[in-house]
Structures are given as C-alpha cells and as structure tokens.
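This report describes the architecture, packing and surface of a single protein chain. The sequence and the structure are shown first.

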Amino acid sequence: MDYLSIFLSPFSLLFLIIILGFFIGKIRVKQISIGIAGVLFAAILTGYLINRFILFECRDSIAELRGTMKIFSTLGTSLFVSVIGLQTGFSIKEKSTSSLIALSVGIVMSMSGVMTMLLISVIDKSMTTPSLLGVLCGALTSTPGLSSVCELMKTDNENAVWGYGCAYLFGVILTVIFAQFSSIHTKEESSDKSNSTYVKGKIFPELILICVSVLIGTILGVIRITFIDISLGNTTGILFTSLFVGVLASKAKILVSNQVLKVFKIVGLALFFAGTGFYTGTQIDRFDIKTTIYGIIISLTAITCGL
C-alpha cells in the first residue's frame, strides 16, 4: 500500500507520464512522429488505467491527484503561452510583407476550420459544443486554443480535451505532410542575434520576461470588460501581455536565447498535456471514431484553403 501511495503521488506520476510520453512521441511512421504531444496520450492512458483498476479505498487519492494535475496544467499553459507571445513579439518587423502574408494565410486557414466546425454542428446535433471546440483546436493543432476552451468550459472541459486528443494526431500528420508538400523549411542560423544570450547580474532575461508576462497577463485576464460583461481569461491575457512585452524588449535591444525559450515552451507543453490529459483520462473511457473523422475533415479544409 505504501508503494502504491508513492506511485500515486503527483510528482511521481507527473514524471512517469512525461517519460512515457517522450517514448510515445519518438515513435516514427515514415518519418512522422507526434513529438511532445505523446505526453497527452500517455496522460490520458495513465488516467484511464488508474481510474479503472485502482482500489476503491484509494479514490480519495485520485481526487487529490486531479486537483494537483490541474495546477500543473495551469502552470504549463502560462509558460507555453507566454513564450509564444514573446517569440511573436520579437519577430515582429515593421513593413514586413512576408509577415503580413503569413498572417493573412493563417487567418484564412483558421476561419475555414471554424466554418467547417459550425457546419458539422448543424449537421450532427449529437456533438456537444465543448467536444466540437476541442476537435477544432486539435485539428488546427492549437494548444492555446484548447487552453482557452478549458477556461470557458469549466464544468465540461474533459470533453473538449478528449476531442482535442482524437483530432490532434491526424492534425499533426496532415500538417507535416502539408509543410513538406509546400516545401516550407525554416532554419535557425547560429549567427542570428535572437539566438544570443544576454546575461546581466547572472539572471537570464528570458525567465524575467516570462514571469512579468504571466503576472501582468493573469491580472489583465480577470478584469471584466463592463460593456460586454466578459473577461479575457488567463490564456488570452498572458498572450497579449507577452506579445507586448516581446515588442518592448525587442525595441530595447534585449537579446534573448531562442533555445532557452524553446526549453520553457516544451516544459510548459509537457505540464499542460500531463495535467489536462490525466484529468480527462480519469473522467472518460470512450473513443469515438466519428470525432476523429470530423477532425480530419477540419484539418483538410484548412490545408486546402492554405494551398
């Protein structure tokens, strides 16, 4: 029983899920792998197995695990979203035609996915709103989108995560094929200033910028907009704040390391996938092939519009 208690401790389970997810993500089928998203599937599987086979007297431990895993998920979301905002803020250049084209194509692809989701909701009334939103985020491989959905659907977010998990795998595969077909290659040059590390007082600026973004963004996210009576939420608040902080830091010529930001982003994703996936696995014990097909349809629609 003592060994079981150790196994069911939040930290032991967290690192076990991440290790399993790493090996799942490394599995390749014709040079295609799901990468860090393997943690999501490992977490769902772990949560499902624990909920199904654990002894009845340990149910209280499972309830505590769910609460702690939600904290890991929130922390991971904050890290991931803040890094995305900072990287975007640093990459913004005035009068950049390529950036405007990329923005336009991204908007068209995203909107096509949304329109397809709305069409599916009209055709299939059995699909709930959280499930459809999860499928949309998975098909478009949008982790920040899923985080926002989970914030909005506080009482039914497990269906959103399950829909995300069903659609994400094929969303990644189709996106990789689309990228290879379009010959889109990005290379990081070691001589790029953005890869430099600027250290002052033995404190990495990346960590400070992330903390500032999360702190201010969290405060901004809970402020309610009076005339429409809604708030931005943590995810949107952190994203906008980190974007603004990234722009300011870029203008102030603060040099940051892309490699350090990448590490924070991966850690954030791992925490988010582990926490959210585990909670979903303990709640849901079903797999719906129809949900996966809907995700493939949305992915293909977005890719076609992108082409």
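## Basis of the description

In what follows, a residue is called buried when its relative accessible area is under 20%, exposed when that value is over 50%, and partly exposed in between. Thr141 is partly exposed, because its relative accessible area is 29%. The model under discussion is predicted.

## Overall architecture

The protein chain contains twelve helices and two strands. Along the sequence, these elements follow the pattern α-α-α-α-α-α-α-α-α-β-β-α-α-α.

Of the 307 residues in the protein chain, 40% are buried. The chain exposes about 17400 Å², and carbon and sulfur atoms supply 68% of that area. Among contacts between residues at least 6 apart in sequence, 81% join residues at least 24 apart.

## Nonpolar cores

The largest nonpolar core has 47 residues, of which Ile17, Leu146, Phe273 and Phe278 touch the most other members. At least two residues of this core come from each of helix H2 (10–26), helix H3 (38–53), H4, helix H7 (143–152), helix H8 (157–181), H9, helix H10 (233–251) and helix H11 (258–283). H4 gives the most to this core, with ten residues. Apart from this core lies another, of ten residues, which include Met117, Met127, Leu132 and Ile298.

Which residues does Phe278 touch, if those up to four places away in sequence are not counted? They are Leu13, Ile17, Ala43, Ile44, Thr46, Gly47, Ile50, Leu65, Arg66, Met69 and Phe273. Two of these, Ile17 and Phe273, are named with Phe278 among the core residues that touch the most other members.

## Glycines in H4 and H11

Gly76 is located in helix H4, which spans residues 59–91. With a relative accessible area of 0%, Gly76 is buried. When neighbours within four places in sequence are left aside, the contacts of Gly76 are with Gly268, Leu269, Leu271 and Phe272. For one of these partners, Leu271, the C-alpha to C-alpha distance to Gly76 is 4.6 Å, although the two residues are 195 apart in sequence.

A second glycine, Gly275, belongs to helix H11. Gly275 is likewise buried, with a relative accessible area of 1%. Residues up to four places away in sequence not being counted, Gly275 touches Met69 and Ser73. Gly275 and Pro10 are separated by 265 residues in sequence and by 9.8 Å in space, C-alpha to C-alpha.

## Aromatic pairs

A search of the whole structure finds four aromatic pairs. In the pair of Phe272 and Phe273, the ring centres are 5.8 Å apart and the planes stand at 50°, so the arrangement is tilted. Phe272 and Phe273 are both buried. Together with Tyr164, they form one aromatic cluster.

## Helix H6 and the loop after it

Helix H6 covers residues 129–139, and nine of its eleven residues are buried, so the helix is largely enclosed by the rest of the structure. The buried residues are Pro130, Ser131, Leu132, Gly134, Val135, Leu136, Cys137, Gly138 and Ala139. One of them, Leu132, is also a member of the ten-residue core.

Thr141 follows H6 and lies in the loop between H6 and H7. The phi of Thr141 is near 50°, a positive value in a residue other than glycine. Lys253 also has a positive phi, near 60°, and is likewise a residue other than glycine. Lys253 is placed in the loop between H10 and H11. Is Lys253 buried or exposed? Its relative accessible area is 70%, so Lys253 is exposed.

## A nonpolar surface patch

Ile208, Val212, Leu215, Ile216, Ile219, Leu220, Val222, Ile223, Leu232 and Phe240 make up a nonpolar patch on the surface, and their accessible area together is about 880 Å². Helix H9, which runs over residues 205–222, gives the most to the patch, with seven residues.

Leu220, a member of the patch, lies in helix H9. Its relative accessible area is 33%, and Leu220 is therefore partly exposed. H9 also supplies at least two residues of the largest nonpolar core.

Methods. Residues are numbered from 1 along each chain as its sequence is written. This is a predicted model: local features need pLDDT of at least 70, side-chain atom pairs count only at pLDDT 80 or more; totals for chains, interfaces and linings use all residues. Side-chain values use heavy atoms; hydrogens and water are left out. Helices (H or I, at least four residues) and strands (E, at least two) are DSSP runs, numbered from the N terminus. Buried means under 20% relative accessible area, exposed over 50%, partly exposed in between (1.4 Å probe, protein chains only). Contact means heavy atoms within 4.5 Å. Patches are made of residues with over 30% relative accessible area and no salt bridge: like charges are joined within 9 Å, nonpolar side chains (Val, Leu, Ile, Met, Phe, Trp, Tyr) within 5 Å. Accessible areas come from the Shrake-Rupley method with a 1.4 Å probe; for residues, only the protein chains shown count as cover. A salt bridge is a side-chain nitrogen of Lys or Arg within 4 Å of a carboxyl oxygen of Asp or Glu. Rings of Phe, Tyr and Trp (its six-membered ring) pair if their centres lie within 6.5 Å; planes under 30 degrees apart count as stacked, over 60 as edge-to-face and the rest as tilted. A nonpolar core is a set of buried Ala, Val, Leu, Ile, Met, Phe, Trp, Tyr and Cys residues joined through side-chain atoms within 4.5 Å.
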